[in-house]
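Hi,

Here is the structure I promised to pass along. Have it open while you read, and my notes follow underneath.

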Amino acid sequence: MATTEQQTTGFGTWDVSEERDLGGGQREMVLNMGPQHPSTHGVMRLLLTLDGETIIHADPIIGYLHRGIEKIGENKRYSQFTPWTDRTDYTAAPLNNLGYILAVEKLCGIVAPERAQYIRVIMAELSRIAAHMVWLGTHALDIGALSMALFTFIEREKILDIFEEFCGARLTTNMMEIGGFSRDIKPSTIEKIEQLLKEFPAAQQDWEDLLSENPIWLARTRGVGVIEPEAAIDYGLTGACLRGSGINYDIRKAQPYLIYDRLDFEVPIGTNGDVYDRYLVRMEELRQTLRILRQCLDQMPTDGPIMANDSNYVIPPHHNVLRTAEDMQRHFVWVIKGFNPPKGEVYSAIEHSKGELGHYIVSDGTSMPYRMRIRTPDFVNLQVLPYMAEGAMLADSVALIGTIDIVLGSVDR
Amino acid sequence: MADEQDLQPTASPDDVVTADEDNPWLTEIAEQQLTEPAHDKTGIAKVHPSLVLTGFWGPLSEDHPAHVALMTAFGDRVKEIAFFRDEVTIRVDPSIWVDAHVLLRDDADLAYRMLSDLTAVDMLKLRAAPRFDVVSQLYSIKKRWRLRLKGGIEDGELIETLTSVYAAAGWLEREAFDMFGITFEGHPDLRRMLLADDWEEGHPLRKDYPIRGYSQYVEPGFEGGAAPRVKDNRRL
């Protein structure tokens, strides 16, 4: 055994690099990857046990970005927690907002008005595109298609501009309120979305022309990281990781929330369960998302309330707060004391860009949740990495990390 | 302090579909969904239409197939079935924790083959005993139903691991161990998950864990007490 360097960190004592002699001319090597490695998409550490270039075992070590968001949730009022959900998966903040808000609304038993539900779907789907742009750009970058990140981030920038115009922020949007929205969507924003719908298919075609039949891309992705359908279910995978293996489970179809049951779209399914199939599934998801956006813009009522009319749980309209004493008092109490939802517990799941995002809230009837559990999709999905990596080549490890589509803020919470 | 029953459901199974005057379109959707054969929505008719949109959990009565199957197999070790909104929670004795999951997974009709989530809740402030609830959220792709299973254990008591039933339980149980200090018997790799391996200060999601930790963080160079201490006015 030749230990090159010993290092002590908060994550225990570990050998940076170690070589073990197994006897009989066989050797294995423990290689540390990360946590500052660019292809781990954040701060994840992988301990790889190698036999030559073949991975015998991969052990993901996470928690470097753990901020205790669940504990914070137990000490914040319901309305105060929405900004924290932005910071879990920071590439798709509106989707996180939506998951949390739907859970609270279910707990309180309130429903957003129709127009607000359409705006929510529009923002969530835009956010899904933006998140897939980050995935595609960085995933292709890891595998070697360096220019993809530049192309996809151009389109992502347009979506962030739409968010900025709608709510004032690009990344940490905090755009949804309990009961609906506080700001309506402007005609100019809708125009921008229309513009995006026109331009996006051509851009996506360009990327697919570059990747889908590229021999290098095929060699790096086909047959790599295969997940059997049984294993995918057993590991609790959701999102493209599950659908790439041929299991049809999309919460928007299986348990439709908001107005998804009115929309006509298809759920793409893979067949081989390898990296390439998950790539195809996500690319097709982008097209379906554009279809959803098109239908939402067509079906959305042109006017109507965007905030639920509920005096217990919903913040009073800003316009009224400045003009009537009652609403000003209600606003004061809502902000200072919060509201007390009924006692009970709810689990509400939505289809995030990465899979099933579940919020499990236990309420004891006070203004703060008793337990705030966030079931993030990529935390559960990342668990399959050792299964995929076993027997894979060292160079494929970056493809395997990329294909799960992790964001460490969401994994560590 | 509320006792355990207060935390349990307020929705009664007799709630019928009522026209929502503010949102007439919701009733419309609910009716459409109920007549639509493609979706299996048994039991949803008894819930307020707004909740139809949030998920399907099966019939809100003791006749829930999962409850019937568990009762047939384990009798009085299935403690209770509870309903809140459209959700179904079955509380079981921790001694049948694994067997109940195996039964629900392998039942050909129910097929709860996916473990969506596994976590725990520290019930310290809500009831006297037992201290923790271990909570699992199951999903059946076949039936499109969710189900929540609960088992109550005392501090220090062991509960059997689900890793032999669902591979997904591996990390989820490690996280529950990390955050609550619940030991899962037979778990192959029960280490800290999100906190550092050498974290000495217990388990942060317990209700008696102070929000700023047990010891104050002192910046290097201020060990002599020169660092101003911020008064902690927040609750525990």
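Below is what turned up, starting with where the chains meet and then moving to the pocket and the backbone.

First, a caution: this is a predicted model, so please read everything here in that light.

**Where chain A meets chain B**

The contact draws 69 residues from chain A and 74 residues from chain B. Between them, about 5700 Å² is buried, with carbon and sulfur atoms giving 54% of that area. On the chain A side, the residues that lose the most area to chain B are A:K106, A:Q255 and A:Y370, and together they make up 13% of what that side buries.

Nine salt bridges run between chain A and chain B; over all chains the count is 51. A:K106 turns up again here, since its side chain meets that of B:E87 in a salt bridge, at 2.6 Å from N to O. There are also 28 residue pairs in polar contact across this interface, counting pairs with both residues at pLDDT 80 or more.

As for which parts of chain A do the touching, strand β8 (residues 344–351) supplies the largest share of that side, with five residues. By residue type, the chain A side splits into 33 nonpolar, 16 polar and 20 charged.

Another salt bridge to look up is the one between B:E175 and A:R373, whose closest N and O atoms are 3.0 Å apart. B:E175 sits in helix α6 of chain B and A:R373 in strand β10 (residues 371–375) of chain A, so this pair joins two chains.

**The largest pocket**

The largest pocket has a volume of about 470 Å³. Its lining counts 29 residues, and those nearest the centre are A:R67, A:G68, A:K71, A:I72 and B:I211. Two elements give two or more residues to the lining: α1 (69–74) of chain A and α6 (169–180) of chain B. Of these, α1 of chain A gives the most, four residues. What is the lining made of, in terms of nonpolar, polar and charged residues? The split is 14 nonpolar, five polar and 10 charged.

If you go looking for it on screen, A:K71 is a handy place to start, as one of the residues nearest the pocket centre.

**Two backbone spots**

In chain B, the peptide bond from B:A129 to B:P130 is cis, with omega near -10°. You will find B:P130 in the loop between β3 (114–122) and β4 (132–140) of that chain.

In chain A, have a look at A:N174, which has a positive phi, near 50°, in a residue other than glycine. A:N174 is in the loop between α5 (147–167) and α6 (187–211) of chain A.

That's the lot from me. Shout if anything is unclear.

Cheers

How values were computed
Residues numbered from 1 in each chain as written. Chains lettered and ligands numbered in written order. Predicted model: local features only at pLDDT ≥ 70, side-chain atom pairs only at ≥ 80, totals over all residues. Heavy atoms only, no water. 1 Å grid on protein atoms, 1.4 Å probe; cavity = no way out; pocket = protein on both sides within 12 Å on 5 of 7 lines; lining within 4 Å. Points joined across faces, edges and corners; volume = space filled by probe spheres on them. Nonpolar A, V, L, I, M, F, W, Y, C, P; charged D, E, K, R; others polar. Contact = heavy atoms within 4.5 Å. Buried area = accessible area lost by both parts, 1.4 Å probe. Salt bridge = Lys/Arg side-chain N within 4 Å of Asp/Glu carboxyl O. Polar contact = N/O pair within 3.5 Å; in protein donor to acceptor, adjacent residues only side chain to side chain.
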